[in-house]
Amino acid sequence: LLALDHKSLQNLLNSLESFCSTWGLTVNLKKTAVMVFNKASVVLKDSRSFTYSGNTVPSAKSYCYLGVIFTLNGSFKANVTALRQKAMRSIMSLKRALHFSVLPPETLLRLFDLLILPVASYCNQVWLPIVVWSKLNKSNTPDLKIIASDPLEKLHLSFLKIAIGVSRKSPNTVIWGDT
C-alpha cells in the first residue's frame with residue numbers, strides 16, 4: 001500500500017482489514033512492515049503508529065518486495081549490491097561447471113547474456129532508471145572511470161577477465177577493446 005500521509009495509509013490499512021475480513025483472508029504481520037521514505041534514512045516516529053487488526057505494524061529500514069530491496073532513502077544501492085553478489089555466485093558456479101579456456105569467447109559471452117545478465121538485471125525497470133539518473137547527475141559526460149565504477153559493469157568486467165583468462169588487475173580499456 002502506498003500513501004502520501006499518515007492518515008491515508010491508516011485508512012488503507014483499515015480498508016485492507018475490512019476486505020480481508022469479508023473474504024476470509026489474513027495478513028501475515030511477520031512479513032509486513034511500514035516504511036516512511038525520507039532523505040535522512042531513519043525510522044521516523046510516525047512509522048511506528050500504524051495498526052492492523054489491533055496490532056502494531058512494525059517499521060523497517062529496508063524491505064525486500066518481490067526480490068527488490070527498498071530502503072528508507074529511496075536508494076537502490078543495497079538492491080544493486082545484492083544482485084551483483086547473486087550474479088557473482090552464478091559466475092563462479094558456471095566457472096566450476098565449465099572449462100572456460102576451451103570454449104570460444106562468443107559462447108562465453110552468450111552464456112553471460114543467458115545465465116548471468118538476467119540475475120544481475122532482475123527487475124531493472126524499477127531500479128535502473130534511478131541508478132542511471134544518479135550517475136548522470138554527477139557528470140554530464142560520463143568517462144570510462146565512471147562507467148567502470150558502476151557495480152554491474154564491474155561484474156561484467158570480472159566475467160570478461162575470467163573468460164579470457166587474464167589477471168583481474170588487467171586494464172579495463174584493454175578488456176573492453178579485446179572483447
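Hi everyone. Let me start with a definition: a residue is called buried when its relative accessible area is under 20%, exposed when it is over 50%, and partly exposed in between. By that measure C123 is partly exposed, because its relative accessible area is 24%. Please keep in mind that this is a predicted model.

Let's stay with C123 for a moment. It is found in the loop between helix 3 and helix 4, and helix 4 covers residues 124-138. What is the sign of the phi of C123? It is positive, about 60°, although C123 is not a glycine. Some background helps here: most residues other than glycine have a negative phi.

Since C123 is a cysteine, you may also wonder about disulfides. A disulfide is a covalent bond between the sulfur atoms of two cysteines. How far is the sulfur of C123 from the closest cysteine sulfur? That closest sulfur belongs to C64 and is 10 Å away, which is too far for a bond, because the cut-off for a disulfide is 2.5 Å. The count for the model comes to zero disulfides.

Another cysteine, C20, takes us to helix 1. C20 counts as buried because its relative accessibility is 4%. Helix 1 runs over residues 6-23, which makes 18 residues. From its first C-alpha to its last it reaches 26 Å, close to the 26 Å expected at 1.5 Å a residue.

Which residues of helix 1 are buried? They are L9, Q10, L13 and C20. These residues cover an arc of only 100° around the axis, so they sit on the same side of helix 1. A general point goes well with that picture: an α-helix has 3.6 residues a turn, so residues three or four places apart point the same way. The buried residues of helix 1 pack against strand 1, residues 51-52. On the other side of the helix, K7, T22 and W23 are exposed.

Now look at the two ends of helix 1. D5 caps the N-terminal end, with a side-chain oxygen 3.3 Å from the backbone nitrogen of K7. After the helix comes G24, with a positive phi near 70°.

On to helix 3, residues 105-120. Where does it bend? The bend is at D113, and it amounts to about 35°. The buried residues of helix 3 are L108, L111, F112, I116 and A120.

Next, please turn to helix 6, residues 151-164. It has 14 residues and reaches 20 Å from its first C-alpha to its last, close to the 20 Å expected at 1.5 Å a residue. Its buried residues include L152, L155, L157, F159 and L160, and E153 and K161 are also among those buried. At the start of the helix, a side-chain oxygen of D150 comes to within 3.1 Å of the backbone nitrogen of L152. Just after the helix, G165 has a positive phi of about 75°.

A little further along is V166, in the loop between helix 6 and helix 7, where helix 7 is residues 172-178. V166 is partly exposed, with a relative accessible area of 35%. Setting aside residues up to four places away in sequence, V166 touches K161 and I175.

On the other side of helix 6 in the sequence is A148, found in helix 5, residues 144-149. A148 counts as buried because its relative accessibility is 15%. Leaving out neighbours within four places in sequence, its contacts are E153, K154, L157, N172 and W176. A148 and L29 are 119 residues apart in sequence, and their C-alpha atoms are 42 Å apart in space.

Let me finish with two loop residues. A60 is found in the loop between strand 2, residues 55-56, and strand 3. Its relative accessibility is 14%, so A60 counts as buried. How far apart in space are A60 and V34, which are 26 residues apart in sequence? Their C-alpha atoms are 6.1 Å apart. A60 touches V34 as well as A33, M35, V43 and L72, not counting residues up to four places away in sequence.

L66 is in the loop between strand 3, residues 62-65, and strand 4, residues 68-71. Is L66 buried or exposed? With a relative accessible area of 61%, L66 is exposed. L66 has a positive phi of about 55° although it is not a glycine.

Thanks for listening, and do have a look at the model yourselves.

Terms used: Residues numbered from 1 in each chain as written. Predicted model: local features only at pLDDT ≥ 70, side-chain atom pairs only at ≥ 80, totals over all residues. Heavy atoms only, no water. Helix = DSSP H or I, 4+ residues; strand = E, 2+ residues; numbered from the N terminus. Expected span 1.5 Å × (residues − 1). Buried < 20%, exposed > 50% of the residue type's maximum accessible area, 1.4 Å probe, protein only. Arc of directions from axis to C-beta. Contact = heavy atoms within 4.5 Å. Polar contact = N/O pair within 3.5 Å; in protein donor to acceptor, adjacent residues only side chain to side chain. Bend = angle between axes of the 7 residues up to and from the residue.
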